[in-house]
Amino acid sequence: MNTNQDKRSRALQCITFMNSNIQLRTGTIILVFFIVCALLVPIVSSYSFYKNDLDLGPVSPNAAHLFGTDDLGRDMLVRCMWGLRISLLIGICATSVSLFIGVIYGAIAGYAGGRADMLMMRIVDMLYAYPFIFFVIILMVVFGKNIFLLFAALGAVQWLTISRIVRGQVLSLKNRDFIKAARISGCSTLKIIFLHLIPNCFGPIIVYTAMTVPTVIMEESFLSFLGLGVQAPMASLGSLISDGVEYMETGAWILFFPGAILCLVLFSLNFIAEGLRQKIDPAR
Amino acid sequence: MIRMIISRLFQSLVTLFLIVTFSFFMMRIAPGGPFDSERNLPPEIEANIMAKYRLDLPIMSQYVYYMSDVAKGDLGLSFRYQDHTVNELIFEGAKVSFTLGAFALLFALIVGVPFGIIGARREESVLDHMIVTTTVFGISIPNLVLGPVLVMLFAILLPVFPAGGLDSVRSYFLPVLTLSIFYMAYITRLTRVGFIGIGKREFVVTAKAKGLSEPAIIFRHMFRGGILPLVSFLGPAAAGILTGSIVIEKIFQIPGIGQHFVQGALNRDYTLVMGVVVFYSALIITFNFIIDLVYLALDPQVKYR
Amino acid sequence: MPLLTIKNLTTSFKESDGLIPILVDLSYSIGTGEVLGIVGESGSGKTMSVKTVLGLCPDKDYRIQSGSILFSGGDLLTLNGKYLRSIRGREITMIFQDALSALNPYLTIRTQLLEALPDTNLSKAEKLHKIIETLHWVGFADAEDKISSYPFELSGGMRQRVLTAMALLPDPKLIIADEPTSSIDATLSKQILSLFKKINVEKNISIIFISHNFGHVASVSNRILVMYGGRAVEVDTTDGVLTTPAHPYTRALLDSIPVAGSSGTALPFIPGDPPDLREIGINACPFYPRCRFVTNECKSSFPDKNTRNTKEFFCYHPLSQS
């Protein structure tokens with residue numbers, strides 16, 4: 001049947017696409033590997049990520065504990081994988097929030113044009129150079145260290161770039177014939193923006209998303225490292241690294257594994273972003 | 001051109017105003033305050049403290065007082081350290097943080113710019129490829145991994161530098177290095193791209209045709225144009241170094257503003273946190289404004305637009 | 001003794017899929033006090049040949065395979081960087097096509113003109129005096145006022161004169177003008193052309209004048225070299241080329257110049273496309289795909305040099321002298 005074939009070739013298309021570029025290929029392979037580990041390891045492993053085993057204490061990597069244990073006797077492999085889960089989750093959620101805000105803001109600014117657009121973009125310009133981490137920290141301090149708030153806050157500060165990109169695209173699409181046709185046929189503004197304009201911006205949106213996920217993961221690691229992000233007993237790679245720094249002299253492995261995983265995940269995400277950028281938006 | 005400067009100045013002040021207002025109201029919405037200790041205070045003392053922090057006034061009056069204080073440069077009293085003003089705490093930490101940040105930026109520039117120029121002039125050579133690859137690593141490794149790794153290597157395994165504190169000149173080395181590496185790599189890339197772009201412009205060929213030496217071509221002709229992308233980056237770079245130093249201060253136990261900020265955030269010391277935000281914002285906005293002026297000065301065509 | 005002699009120069013450009021020939025066995029020379037015009041279409045190698053003389057080619061993938069460039073008794077191709085630099089900008093100077101992009105937009109013209117005077121024993125004041133003098137000589141009025149301007153503040157004609165002055169300042173023996181009239185209008189072109197004549201006659205400086213505009217070239221040159229596909233195909237005195245061309249390409253170029261009074265008739269042009277030297281190869285006459293007189297020998301080897309009075313040409317089927 002046609003639909004089955006289409007579905008299969010779609011999956012095949014995806015795979016061929018991701019394989020097409022050395023950066024995409026390497027990045028995707030590494031990332032997929034980590035995602036699989038993050039999902040499976042905690043399920044498969046018999047260790048828990050939060051139950052302490054104070055008699056055991058910190059133990060260097062061995063057959064029983066591949067990544068060793070931390071100062072409270074918790075298995076590092078499982079903790080790292082949990083940390084990875086949380087970091088990735090926050091990355092995806094926060095990026096979604098920023099996409100939501102930024103795309104809509106940019107599309108409205110672009111479509112409205114004129115003074116509204118100028119004002120909206122002036123606001124973006126003014127806020128652009130400012131390091132938003134401070135805002136996030138304020139929000140975290142004020143509203144407590146809720147994980148949902150964390151993604152909302154992180155996402156809320158990333159939207160500026162995508163709003164500019166989407167606005168640019170909308171400005172150039174605004175006068176194309178198919179938009180005029182939609183307007184003439186009585187399509188409401190809302191529909192035009194959501195059904196026609198935004199879908200045509202997918203290219204740059206995808207590239208932007210690929211670039212924002214690692215940025216957000218970095219920022220979350222930064223916050224958690226300082227103690228302002230995820231709270232114990234939950235862990236993210238950032239908080240694990242913070243623990244690692246504290247216990248550096250007890251056991252290098254407590255620092256090494258989360259650090260290495262964070263670096264590798266960031267590398268793979270950056271490679272994917274670079275590969276996508278080359279394919280979708282080579283002009284930049 | 002004067003109009004442009006004034007408009008930029010205006011924008012900067014408006015941004016600063018918005019940021020301070022936002023911080024103020026955020027803080028007032030938050031629960032907690034200077035009384036979070038478990039002690040039960042007798043009502044007169046409590047009233048005194050409320051007056052001292054002006055918490056007995058309606059919120060808009062508090063706002064107006066705060067804004068006028070800020071305009072005068074007074075950032076209020078710390079909620080936590082009730083004997084110290086926020087200004088004191090900030091200036092104490094600022095000496096340290098500034099030294100750190102300034103050295104890091106300087107170091108990044110001193111190393112990054114020459115390598116960027118060398119890479120650009122020897123484009124596609126083996127040396128250039130090595131430079132580019134190294135920079136990729138430099139920008140990908142986060143401070144919070146790099147710092148501890150450097151400490152492990154150069155303070156624990158090979159005890160060359162101290163792992164923390166700022167008691168000797170030597171102890172500055174690792175923190176400054178860690179903070180500067182990302183910027184060094186980024187600056188190298190920006191400079192390289194800027195100079196490659198300028199090298200393609202025809203007037204560079206003219207300069208070569210006039211028989212000018214390589215250094216003359218680079219410094220007299222290519223420099224002003226080639227360095228523009230870097231100048232634009234310096235604004236965000238300064239901001240980034242300020243934020244980056246927060247992590248560095250934690251890793252290396254350095255008593256800078258960043259530490260105060262984090263402690264303030266953890267302790268819900270609102271005035272301190274707000275004070276730091278106002279201070280940092282003013283700094284960043286001023287720096288960006290100065291950079292805008294430098295950019296205008298470098299590009300004579302802008303004067304006529 | 002000619003001033004500059006290019007002998008059997010063969011160069012190519014290395015691409016990912018092979019070598020693209022740029023100049024093939026090119027030879028020409030120019031004497032003291034002479035104006036040599038070089039004509040040919042884009043891609044014929046006119047500009048590359050002079051850029052190779054001055055060592056201005058992007059050296060990454062440009063390969064000089066054989067030949068020599070003799071100047072002042074030495075082979076420029078064998079000179080090291082320092083000597084080459086002493087000739088470039090001093091004894092041989094160059095005027096580029098587009099004055100706006102050839103000048104550095106961030107520096108005043110005074111700075112750029114000062115650079116053209118090598119560190120001689122003149123003081124800065126003396127140098128400036130010479131600069132103003134030269135600017136007046138090339139027809140740049142109010143030079144004293146305008147000297148602190150930036151290039152974008154000047155008109156096209158003034159910029160062109162600045163470039164010309166820059167080329168004159170070091171008292172060179174040879175000036176290479178690469179398409180100096182191609183980006184300016186007809187009135188200005190006339191002025192620039194008479195300026196070149198003046199330079200040649202009054203200062204006895206040799207000029208290589210490159211252009212794809214036959215008319216301009218003819219009005220200033222003593223001799224004309226016609227290039228095609230990286231090769232020299234014909235060289236003769238200006239009269240000889242204009243009145244009795246030998247090579248079919250030269251004839252076709254002359255025919256395609258629009259003539260006043262011919263409105264209403266079809267514009268003559270040369271059919272076909274510029275040659276792809278990778279396809280044609282270097283063992284054939286590059287013009288053969290577009291030539292009316294083509295025979296098999298044209299496709300299998302490049303003709304040897306032939307002479308006729310002052311003319312040298314390379315063709316199996318030269319046009320007759322009538």
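How far apart do the closest C-alpha atoms of chain A and chain C lie? Select both chains and look at the gap. Those atoms are 19 Å apart, and no contact joins chain A and chain C. This is a predicted model, so keep that in mind at each stop.

**Stop 1: the chains together**

Now show every chain. Two pairs of chains touch, and the pair with the most contacts is A and B.

**Stop 2: chain B as a whole**

Select chain B. It has twelve helices and zero strands. Walk from the N terminus and you meet one α element after another. The C-alpha trace spans about 85 × 60 × 25 Å along its principal axes. Of the 305 residues in chain B, 49% are buried. Take the contacts in chain B with a separation of 6 or more: residues 24 or more positions apart account for 74% of them.

**Stop 3: helix α1 of chain B**

Select residues 2–29 of chain B, which form helix α1. How does its span compare with what 28 residues should give? At 1.5 Å a residue the expected span is 40 Å, and the end C-alpha atoms are 41 Å apart, which agrees.

Next, colour the buried residues of α1(B): Q11(B), S12(B), T15(B), I19(B), V20(B), T21(B), S23(B), F24(B), M26(B) and M27(B). An α-helix has 3.6 residues a turn, so residues three or four places apart point the same way. What covers the buried residues of α1(B)? From chain A, the cover includes α4 (114–128) and α5 (133–143). From chain B itself, it includes α3 (59–72) and α12 (270–298).

**Stop 4: α7 and α10 of chain B**

Stay in chain B. Select helix α7 (residues 173–199) together with α10(B), which covers 228–251. The two pack at an angle of about 165°, with their axes 10 Å apart. That makes α7(B) roughly antiparallel to α10(B). Their crossing is right-handed.

Show side chains at the contact. On α7(B), pick P175(B), T178(B), L179(B), Y183(B), Y186(B), I187(B), L190(B), T191(B) and G194(B). On α10(B), pick P229(B), L230(B), F233(B), A237(B), G240(B), I241(B), G244(B), S245(B) and I248(B). The residues of this contact divide into twelve nonpolar, six polar and no charged.

**Stop 5: the loop after α10 of chain B**

Follow the chain into the loop between α10 (228–251) and α11 (257–267) of chain B, and stop at Q253(B). Most residues other than glycine have a negative phi. Q253(B) is not a glycine, yet its phi is positive, at about 55°. Is Q253(B) buried or exposed? Its relative accessibility is 53%, so Q253(B) counts as exposed.

**Stop 6: a turn to chain C**

Jump to chain C and select N309(C). This residue lies in the loop between β11 (306–308) and β12 (311–313) of chain C. Its phi is near 55°, a positive value in a residue other than glycine. N309(C) has 72% relative accessibility and therefore counts as exposed.

**Stop 7: α6 and α9 of chain A**

Move to chain A. Select helix α6 (residues 147–173) and helix α9 (residues 202–226). They pack at an angle of about 155°, with their axes 10 Å apart. So α6(A) is roughly antiparallel to α9(A). The crossing is right-handed.

The contact residues of α6(A) include L150(A), L154(A), W159(A) and I165(A). Those of α9(A) include P204(A), Y208(A), E219(A) and L223(A). In this contact there are twelve nonpolar, five polar and two charged residues.

**Stop 8: α10 and α11 of chain A**

Select helix α10 (residues 237–246) and helix α11 (residues 252–280) of chain A. Here the angle is about 150° and the axes are 8 Å apart. α10(A) and α11(A) are therefore roughly antiparallel to each other. The crossing is left-handed.

L237(A), L240(A), I241(A), G244(A) and V245(A) of α10(A) meet I254(A), L255(A), P258(A), G259(A), I261(A) and L262(A) of α11(A). They divide into nine nonpolar, two polar and no charged.

**Stop 9: M81 of chain A**

Finish at M81(A), in helix α3 (residues 76–112) of chain A. At 3% relative accessibility, M81(A) counts as buried. Beyond residues up to four places away in sequence, M81(A) touches C37(A), A38(A), V41(A), P42(A) and I261(A). The last of these, I261(A), was part of the contact between α10(A) and α11(A). For a final distance, pick F202(A), 121 residues from M81(A) along the chain: their C-alpha atoms are separated by 32 Å.

Definitions and conventions:
Residues numbered from 1 in each chain as written. Chains lettered and ligands numbered in written order. Predicted model: local features only at pLDDT ≥ 70, side-chain atom pairs only at ≥ 80, totals over all residues. Heavy atoms only, no water. Axes fitted to C-alpha atoms, helices over the stretch in contact; angles between N-to-C directions. Helix = DSSP H or I, 4+ residues; strand = E, 2+ residues; numbered from the N terminus. Parallel < 35°, antiparallel > 145°, perpendicular 65-115°, else oblique. Left-handed = near helix turned anticlockwise from the far one by under 90°. Contact = heavy atoms within 4.5 Å. Nonpolar A, V, L, I, M, F, W, Y, C, P; charged D, E, K, R; others polar. Expected span 1.5 Å × (residues − 1). Buried < 20%, exposed > 50% of the residue type's maximum accessible area, 1.4 Å probe, protein only.
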